[in-house]
Amino acid sequence: MMIFIHKLYTLLRNKVSKTSLKNLIKCGVGTQIHFSTKISYKKKVSIGDYVYIGPKCNFIGRGGLLIGDHVIIAPETTILTSLHRYREADMVPYDNVELLKPVVIEKCVWIGIRAIIMPGVTIGEGSIVGAGAVVTKSCPPGSILGGNPAHIIGSRDMEDYRKCIKKNMYYFMNKQIHNVEKVEVCQID
């Protein structure tokens, strides 16, 4: 009963639409999807536990979309899983063939505001995608991506990352369960 009440409270507190969650292959425990986010082809979309998907995101799941546990996706992110065929096409600018390419976002990935994830991409565990990045190629775990097209601009300290994982220090889960609040720090370099 307590789990049900917690889920209901979570849904109402974050203005999550129940229709956003309906018909997904999987929608994990503690997951929050903002009501303004659009997910098409929901029967091909699987979302893990304690995932946050911010406002005005647009996910086109036609080719298949797998989002791992503890992923944070900032507002206005677009994820595409299919594209028009233009190479060897029978028409121009493209023909009637739709190329389906699944997208995989592994666990503990953070995607910044207005990022675009293109079809066929796998974003490795613990990676960070910078704001406005256009990800056209897969990246290994712990990558920090930025730019258009996105490229690796750094890497996460995987030793620190593994320490957090070992201690169950997942931000969004702890925010919900233990009411962890953000701390603002003014950093001057």
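Let's start with helix H4, where the buried residues are Phe172, Met173, Asn174 and Gln176. Keep in mind that we are looking at a predicted model. Why might buried positions in a helix recur at intervals? In general, an α-helix has 3.6 residues a turn, so residues three or four places apart point the same way. Just past the end of H4 comes asparagine 179, with a positive phi of about 55 degrees.

H4 also takes us to the largest pocket. Helix H3, residues 158–166, and helix H4, residues 171–178, each give at least two residues to the lining of that pocket. The volume of the largest pocket is about 650 Å³. Its lining has 21 residues, and those closest to the centre are His70, Ile72, Trp110, Tyr171 and Phe172. So Phe172 appears twice in our story: it is a buried residue of H4, and it is among the lining residues closest to the pocket centre. What kinds of residues make up the lining? They split into 14 nonpolar, three polar and four charged.

Let me step back to the whole chain for a moment. The protein chain has 189 residues, and 38% of them count as buried. You can find four helices and 19 strands in it. The accessible surface adds up to about 11400 Å², with 58% belonging to carbon and sulfur atoms. If we take the contacts between residues at least 6 apart in sequence, 23% of them join residues at least 24 apart.

Now, please find serine 127 on the screen. It sits in the loop between strand S15, residues 122–123, and strand S16, residues 128–129. Is serine 127 buried or exposed? Serine 127 counts as buried because its relative accessible area is 0%, and the cut-off for buried is under 20%. Leaving out residues up to four places away in sequence, serine 127 touches Cys108, Val109, Trp110, Cys139, Pro140, Pro141, Gly142 and Ser143. You met Trp110 a minute ago, as one of the residues closest to the centre of the largest pocket. There is a polar detail here too: the side chain of serine 127 reaches the backbone nitrogen of glycine 142 at 3.4 Å.

From there we can hop to one of those partners, serine 143, which belongs to strand S18, residues 143–147. Serine 143 is buried as well, at a relative accessible area of 4%. Setting aside neighbours within four places in sequence, the contacts of serine 143 are Ser127, Ile128, Ile152 and Gly154.

Next, let's move to leucine 24, in the loop between helix H2, residues 18–21, and strand S1, residues 26–27. With a relative accessible area of 11%, leucine 24 is buried. What does leucine 24 touch, not counting residues up to four places away in sequence? The answer is Ile33, Ile39, Lys42, Val45 and Ile47. Leucine 24 and serine 46 are 22 residues apart in sequence, yet 6.1 Å separates their C-alpha atoms in space.

My last stop is valine 104, in strand S12, residues 103–105. Valine 104 counts as partly exposed because its relative accessibility is 24%, and buried would need under 20%. Beyond residues up to four places away in sequence, valine 104 touches Leu66, Val121, Thr122 and Ile123. For valine 104 and threonine 122, the separation is 18 residues in sequence and 4.6 Å in space, C-alpha to C-alpha.

Terms used: Residues are numbered from 1 along each chain as its sequence is written. This is a predicted model: local features need pLDDT of at least 70, side-chain atom pairs count only at pLDDT 80 or more; totals for chains, interfaces and linings use all residues. Side-chain values use heavy atoms; hydrogens and water are left out. Buried means under 20% relative accessible area, exposed over 50%, partly exposed in between (1.4 Å probe, protein chains only). Contact means heavy atoms within 4.5 Å. Accessible areas come from the Shrake-Rupley method with a 1.4 Å probe; for residues, only the protein chains shown count as cover. A polar contact is a pair of N or O atoms within 3.5 Å; within protein, one must be able to donate a hydrogen and the other to accept it, and residues adjacent in sequence count only if both atoms are side-chain atoms. On a 1 Å grid over the protein atoms alone, a cavity is a set of points where a 1.4 Å probe fits but cannot get out, and a pocket is an open set with protein on both sides within 12 Å along at least five of seven lines; lining residues have an atom within 4 Å of a point. Grid points are joined across faces, edges and corners, and a volume is the space filled by probe spheres set on the points. Ala, Val, Leu, Ile, Met, Phe, Trp, Tyr, Cys and Pro count as nonpolar, Asp, Glu, Lys and Arg as charged, and the others, Gly among them, as polar.
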